Amino acid sequence: MDMLYPRACVGCGEAAGDDFHYLCWNCMAGIQWIRDPYCFLCGDPCYGMIHGQYVCSLCRKALPSFDMARSAASFAGALKTMIHDFKYNGASWLRQDLSSLLAACVRTHWPDSDIDALLWVPLYPTKERERTYNQAMLLAMELAGLLHKPLAGRCLRRIQPTATQTHLTASRRKANVHAAFEVAGGARIAGRRLLLVDDVMTTGATVNECARTLKQAGAAAVYAVTVARG
Ligand SMILES: [Zn+2]
Ligand SMILES: [Zn+2]
């Protein structure tokens, strides 16, 4: 198939490499990986010299409901294009490349994790129908396969058609998603250690609200992993 239809890099259109299906070496090398130092709780990168465990001012102000959140790379460059195409332009074939970043992130930060199951940030049903798929669900499904962990299924539901968060401030984002989720009846949440998957995390308001809902339903732990950090 590659001979007939050579795979092109999503970032620049040149021939894609072998390690990533749809990124060339140059675009892959341009990815801004998130590395130390970052907030121990929310994983937000910070700059400068920091010794010991660092917790950012936002997490100190209001302790997040998730136990820990981590992202693989900054939401920039070819990765931004890739996520955009995956989310809005129907490029569902990019899920393998994006999930391999998630898997590397999980294995790095929680190498001996006792995660019981994976789940994803749900979309409001009409939005999911419009888009025909939930990009976070595709990522969670792929990642579950890579980590050999089960999916928790559709146990989290979005019950409010929240406005897009893109142009909102941090406090507006928090208010926007407040009480936007519920745990589906009969879902097995109590006592379980869950890994929540999404594509991008910006202020963490959405992931935090999901975690709050899951914790209220008795989840023992909620970790969150996203491909990118906005
Ligand atoms: Zn490229
Ligand atoms: Zn933080």
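The charged end of Arg70 lies over the ring of Phe40, 6.0 Å from the ring centre. Such a placement requires NZ of Lys or CZ of Arg within 6 Å of the ring centre and within 35 degrees of the ring normal. The model is predicted, so local features need pLDDT of at least 70 and side-chain atom pairs count only at pLDDT 80 or more, whereas totals for chains, interfaces and linings use all residues. Residues are numbered from 1 along each chain as its sequence is written, chains are lettered from A and ligands numbered from 1 in the order in which they are written, and side-chain values use heavy atoms, with hydrogens and water left out.

Two zinc sites were examined. The zinc ion (ligand 1) has the protein donors Cys9 (SG), Cys12 (SG), Cys24 (SG) and Cys27 (SG), at 2.2 to 2.4 Å. Donors are N, O and S atoms within 2.8 Å of the metal (3.2 Å for Na, K and Ca); water is not among the atoms, so sites may look incomplete. Angles among the four donor atoms run from 105 to 115°, and the site is tetrahedral. Four donors count as tetrahedral if all angles lie between 85 and 135 degrees. The ideal angle for four tetrahedral donors is 109.5 degrees. Along the chain, the donors of the zinc ion (ligand 1) follow the spacing C-x2-C-x11-C-x2-C. Cys9 belongs to the segment before α1 (25-29) and Cys27 to helix α1, so the pair ties together parts 18 residues apart in sequence. Helices (H or I, at least four residues) and strands (E, at least two) are DSSP runs, numbered from the N terminus. Both Cys9 and Cys27 are buried. Buried means under 20% relative accessible area, exposed over 50%, and partly exposed in between (1.4 Å probe, protein chains only).

Ala16 also lies in the segment before α1. Ala16 is buried, at 16% relative accessible area. Its contacts include the zinc donors' residues Cys9 and Cys24, along with Arg7, Ala8, His21, Tyr22 and Leu23. These contacts leave out residues up to four places away in sequence; contact means heavy atoms within 4.5 Å. Ala16 and Cys27 are 11 residues apart in sequence and 9.4 Å apart in space, C-alpha to C-alpha.

The zinc ion (ligand 2) is held at 2.3 Å by the donors Cys39 (SG), Cys42 (SG), Cys56 (SG) and Cys59 (SG). This site is tetrahedral, with angles of 107 to 114° among its four donor atoms. The donor residues are spaced C-x2-C-x13-C-x2-C. Cys42 is in the loop between α1 and α2 (57-61), and Cys59 is in helix α2, so the pair ties together parts 17 residues apart in sequence. Cys42 is buried at 9% relative accessible area. Cys59 is buried too, at 6%.

The whole structure contains two aromatic pairs. Rings of Phe, Tyr and Trp (its six-membered ring) pair if their centres lie within 6.5 Å; planes under 30 degrees apart count as stacked, over 60 as edge-to-face and the rest as tilted. Phe86 and Tyr133 form a tilted pair, 6.4 Å centre to centre with 45° between the planes. This pair links distant parts of the chain, 47 residues apart: Phe86 is in helix α3 (residues 77-88), Tyr133 in the loop between α5 (125-131) and α6 (135-147). Phe86 is buried, with a relative accessible area of 0%. Tyr133 is buried at 11%. The rings of Trp110 and Tyr223 have centres 5.2 Å apart and planes at 50°, so this pair is tilted. Trp110 lies in the loop between α4 (95-109) and β2 (117-120), and Tyr223 in strand β6 (residues 221-229), 113 residues apart. Trp110 and Tyr223 are buried.

In helix α7 (residues 170-177), the buried residues are Arg173, Asn176 and Val177. Viewed down the axis of α7, they fall within an arc of 80°, so they line one face of the helix. The arc is that of the directions from the helix axis to the C-beta atoms. Exposed Ser171 and Ala175 are carried on the face turned away from the buried side of α7. The buried residues of α7 pack against β4 (181-183) and α8 (205-216). Just after α7, Ala179 takes a positive phi of about 60°.

Asn208 is in helix α8. Asn208 is buried, at 18% relative accessible area. Beyond four places in sequence, Asn208 touches Pro64, Ser65 and Phe66.

How values were computed. Tetrahedral: all angles 85-135°; square planar, octahedral: opposite > 155°, others 65-115°.
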